[in-house]
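Morning, everyone. I'll walk through some helix packing and then some charged pairs, so have the model open and follow along.

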Amino acid sequence: MMARAHPTLALRPFLPADTALLAEVFRSSVEGLTGEDYSQVQQEAWASAADDEEAFGARLAKGLTLIATLDGSPVGFVSLQGAEQIDMLYVHPAMAGQGVGSMLYDAVEKLATSRGTARLKADASDAARGFFERHGFVAQQRNSVLRGGEWIANTTMEKKLVPKRSA
C-alpha cells in the first residue's frame with residue numbers, strides 16, 4: 001500500500017464561506033482534544049463560542065486567518081489578531097499530531113517575522129500548552145477566563161521573534 005505522507009496539505013486564506021466548516025473544526029477540536037484537561041461542562045461552554053456563527057465568522061475575519069486544507073477540505077486554522085496575538089489555533093482531532101498545527105503556526109511566525117513583529121503571544125489551553133512550548137513559547141501567567149458561564153484556565157505564553165534584517 002502506497003501512503004502519501006501529506007496528501008496535498010495546503011494553506012489558504014479564510015473566506016466568509018468557510019465559517020460553518022471552521023466552526024465545526026473548532027467544536028470538534030475542543031470536544032475531541034481537551035478532555036484530559038477540562039470537564040465536559042467546560043468543553044461545552046468553550047465550544048459554544050461557535051454557536052453564533054455570524055459572530056464566529058466576524059472574529060475570524062477581523063484578523064489574519066489561515067486555513068489548512070487536506071485535499072481541499074479545511075482540517076485546521078489559525079487566526080492572528082493584531083500584529084502579535086494568536087487568537088485561535090485549532091486542528092480537527094482526526095488530523096491531530098500530523099503536522100497541521102505546526103504548518104499553521106510556522107506560516108504565522110514567518111509572516112510576523114517578515115513584518116518585524118518582536119514577539120508572538122497566545123492564551124494557550126492546558127491541552128495546547130505543550131504544543132506552544134515545543135515551538136519556543138514560554139509561559140508568562142495563568143488565567144481564568146469565563147466562557148459560556150464556565151471558568152476555564154489557560155496560560156498566556158510568549159515567544160520572542162528575531163525580525164528579519166533586510167540585506
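The crossing of H1 and H2 is right-handed. This is a predicted model, by the way, so keep that in mind throughout. H1 covers residues 19-33 and H2 covers residues 40-47, and their axes come within 9 Å, crossing at roughly 165 degrees. Anything over 145 degrees goes down as roughly antiparallel, so that is what H1 and H2 are to each other.

Who makes the contact? From H1 we have Phe26, Arg27, Val30 and Glu31, and from H2 we have Gln43, Trp46 and Ala47. Sorted by class, the residues where H1 meets H2 come out as four nonpolar, one polar and two charged.

Stay on H2 for a second. Its buried residues are Gln42, Gln43, Ala45, Trp46 and Ala47. And what covers the buried residues of H2? H1 is part of the cover, and so are the strands E4 (85-91), E5 (119-125), E6 (138-147) and E7.

Now back to H1, which also packs against H3, residues 53-62. Here the angle is about 95 degrees and the axes are 10 Å apart, which makes H1 roughly perpendicular to H3. On the H1 side, you'll see Thr19, Ala20, Leu22, Ala23, Phe26 and Arg27, and they meet Glu53, Phe56, Gly57 and Leu60 of H3. The class count for H1 with H3 is six nonpolar, two polar and two charged. If you were paying attention, Phe26 and Arg27 were also named in the contact with H2.

One more residue in H1, and that's Ser29. Is Ser29 buried or exposed? Its relative accessibility is 7%, so Ser29 counts as buried. Leaving out residues up to four places away in sequence, Ser29 touches Thr34, Tyr90, Val91 and Pro93.

Okay, charges. Side chains of opposite charge can pair when their charged atoms come close. Searching the whole structure turns up 11 salt bridges, and I'll show you a few.

Take Glu109 with Lys159, where the closest N and O atoms are 2.6 Å apart. This pair ties together distant parts of the chain: Glu109 sits in helix H4 (residues 100-114) and Lys159 in strand E7 (residues 150-160), 50 residues apart. Lys159 has 16% relative accessibility, so this lysine counts as buried.

Next, Arg129 and Glu133, with the closest N and O atoms 3.0 Å apart. How far along helix H5 are Arg129 and Glu133 from each other? They are four residues apart in H5, residues 129-134, so about one helical turn separates them. The general background is that an α-helix has 3.6 residues a turn, so residues three or four places apart point the same way. Arg129 counts as partly exposed at 27% relative accessibility, and Glu133 is partly exposed too, at 41%.

The last pair is Lys160 with Glu158, a salt bridge at 2.5 Å, N to O. The two ends sit in contrasting surroundings: Lys160 is exposed, at 62% relative accessible area, whereas Glu158 is buried, at 10%. And this pair has company, as salt bridges with shared partners join Glu84, Arg119, Lys121, Glu158 and Lys160 into one network.

That's my tour; let's pull up the model and talk.

Note on methods: Residues numbered from 1 in each chain as written. Predicted model: local features only at pLDDT ≥ 70, side-chain atom pairs only at ≥ 80, totals over all residues. Heavy atoms only, no water. Salt bridge = Lys/Arg side-chain N within 4 Å of Asp/Glu carboxyl O. Helix = DSSP H or I, 4+ residues; strand = E, 2+ residues; numbered from the N terminus. Buried < 20%, exposed > 50% of the residue type's maximum accessible area, 1.4 Å probe, protein only. Axes fitted to C-alpha atoms, helices over the stretch in contact; angles between N-to-C directions. Parallel < 35°, antiparallel > 145°, perpendicular 65-115°, else oblique. Left-handed = near helix turned anticlockwise from the far one by under 90°. Contact = heavy atoms within 4.5 Å. Nonpolar A, V, L, I, M, F, W, Y, C, P; charged D, E, K, R; others polar.
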